[in-house]
Amino acid sequence: MSTKPVSGPHVAAAHNVDGIMRKVIVALLPAAGFGVLIFGWPALYLTVVTVVSAFMFEAFCLKIKGAEALPYLCDGSAILTGLLVAMTLPPWAPWWIGVVGSGIAIVLGKQIYGGLGQNLFNPAMLARVALLISFPIEMTAWANISPLLTGPGPTDSFAITFSGAALADGMTGATTLGAVKTGFTQNQTLPGLLDDYSGFLALIGWERGSLGETSTLLLLLGGLWLLRQGIIQWMIPLSLLGTVACLALAFHLFDSQHYLGPWVHLNSGALMLVAFFIATDYVTSPNTALGQVLFGAGCGGLIFVIRTWGSYPEGTGFAVLLMNAATPLIDHYIRPRIYGRYRNGKPIDISHP
């Protein structure tokens, strides 16, 4: 009786693309839902528009390419991209901001490179930065908290999202990072600027910002769940958050009047969203553990520099894109160990069989 196997042995992957996308979406939903809860119906409308348009752009691109659309549309990647884009937008932004953002993310950030797994830059961050540069007024009009149950109703909110009218000054305000940046230009110091800053409210996310700048706690819990599920690894989140915290602590101890402390940095902006859901993107981050640590530290350092001395209050999008561009260089110089490179304690010349 022959013992020859009928097929070669294979290593079964613990996760497939569909499963990964579904779990990341599930991990994001609590924070997204909380954002809708505190910003009301306009935030829900904008999220739905952004996700649906991302799905439609994906189908359109696949149709042009002549690819079999159904398997790719069902893998959840377009829905996840649309949700991430929505979480980087002002909750009361007009509907066309969501459509343009989805188009940039899917067409220019993903499909132009060949589709899923081949893009150089994170699509959601590419869309965020492109929108911020192109439409600075719409992308910096942060609505005041207007809870779903007590704010504008479904009909009034529909007009807010789809009428295209600018928000009244009384309906908007600055984020924590924006207030600090504006205050610095007026030569004010931090104690006065942060009198109303509550550590607990910042932790749960009861403040102005995008859906991805709201609940630090829910984003952290979602990220830890992804770690437990084995979807992401600890290297990038820990190195990114640790770098920001260490730099913030050092500068805050040096001059507490002009530099934000670690707690404010960690609970402001989209730092937690980026650390667990953006920077950990398989395609646009390095392959090795050491490379991922360097990538995360680079993102954290750039975020701190841009927040502290740059023109923009928030630096996460720019930092991620810059480090995405550096990923091929990191992978070139930091390569995984070659299996079997030593024989009898001596290196094997792999250039010859």
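**Group meeting talk: core, rings and empty spaces**

Okay, let's start in the middle. The largest nonpolar core has 66 residues, and the ones touching the most other members are Leu28, Met87, Leu240, Leu273 and Phe277. Helix H1, residues 17-39, gives the most to this core, with 12 residues. Oh, and keep in mind that this is a predicted model. Why would such residues gather like this? In soluble globular proteins, nonpolar side chains tend to be buried together.

Let's pick Met87 from that group. Which residues does Met87 contact, if we skip its neighbours within four places in sequence? The list is Leu28, Ala31, Ala32, Ser210, Leu211, Gly212, Leu219 and Leu273. You'll recognise Leu28 and Leu273 from the core list a moment ago.

Now for the rings. The count here is 11 aromatic pairs. Take Tyr45 and Phe162: their ring centres are 6.4 Å apart with 50° between the planes, and that makes the pair tilted. Tyr45 sits in helix H2 (residues 41-65) while Phe162 sits in helix H7 (residues 154-162), so this pair ties together parts that are 117 residues apart in sequence. Are these two buried or partly exposed? Tyr45 has a relative accessible area of 18%, so Tyr45 is buried. Phe162 comes in at 31%, so Phe162 counts as partly exposed.

Compare that with Phe251 and Trp309. Their centres are 5.4 Å apart and the planes are at 75°, so we call this pair edge-to-face. Again it's a link between helices: Phe251 belongs to helix H12 (residues 235-254) and Trp309 to helix H15 (residues 289-309), so parts 58 residues apart in sequence get tied together. Phe251 is partly exposed, at 26% relative accessible area, and Trp309, at 48%, also counts as partly exposed.

One more thing on rings: Tyr45 and Phe162 have company. Together with Trp41 and Phe158, they form one aromatic cluster.

Next, empty space. How do you even look for it? Rolling a probe the size of a water molecule over the atoms shows where empty space is left. That gives us 3 cavities of 30 Å³ or more. I'd like to show you the second largest cavity, with about 50 Å³ of space. Who lines it? Met87 is back, along with Thr88, Met125, Arg128, Trp142, Ser210, Glu213, Ala270, Glu314 and Thr316. That lining splits into 4 nonpolar, 3 polar and 3 charged residues.

Glu213 is one of those lining residues, and I think it deserves a closer look. Where is Glu213 placed? In the loop between helix H10 (199-204) and helix H11 (216-229). At 9% relative accessibility, Glu213 counts as buried, because the cut-off for that is under 20%. Leaving out residues up to four places away in sequence, Glu213 touches Trp142, Thr175, Gly269, Ala270 and Glu314. Thr175 is 38 residues from Glu213 along the chain, and their C-alpha atoms are separated by 9.3 Å.

Last stop, the largest pocket. About 490 Å³ of space lies in this pocket. There are 23 lining residues, and the closest to the pocket's centre are Met21, Leu80, Leu116, Asp281 and Tyr282. Which elements give two or more residues to that lining? H1, helix H4 (77-87), helix H6 (123-134) and helix H14 (271-278). And the make-up of the lining is 16 nonpolar, 5 polar and 2 charged residues.

So if you've got the structure open, try following H1: it gives the most residues to the core, and it also helps line the largest pocket. Thanks, everyone!

How values were computed:
Residues are numbered from 1 along each chain as its sequence is written. This is a predicted model: local features need pLDDT of at least 70, side-chain atom pairs count only at pLDDT 80 or more; totals for chains, interfaces and linings use all residues. Side-chain values use heavy atoms; hydrogens and water are left out. A nonpolar core is a set of buried Ala, Val, Leu, Ile, Met, Phe, Trp, Tyr and Cys residues joined through side-chain atoms within 4.5 Å. Buried means under 20% relative accessible area, exposed over 50%, partly exposed in between (1.4 Å probe, protein chains only). Helices (H or I, at least four residues) and strands (E, at least two) are DSSP runs, numbered from the N terminus. Contact means heavy atoms within 4.5 Å. Rings of Phe, Tyr and Trp (its six-membered ring) pair if their centres lie within 6.5 Å; planes under 30 degrees apart count as stacked, over 60 as edge-to-face and the rest as tilted. On a 1 Å grid over the protein atoms alone, a cavity is a set of points where a 1.4 Å probe fits but cannot get out, and a pocket is an open set with protein on both sides within 12 Å along at least five of seven lines; lining residues have an atom within 4 Å of a point. Grid points are joined across faces, edges and corners, and a volume is the space filled by probe spheres set on the points. Ala, Val, Leu, Ile, Met, Phe, Trp, Tyr, Cys and Pro count as nonpolar, Asp, Glu, Lys and Arg as charged, and the others, Gly among them, as polar.
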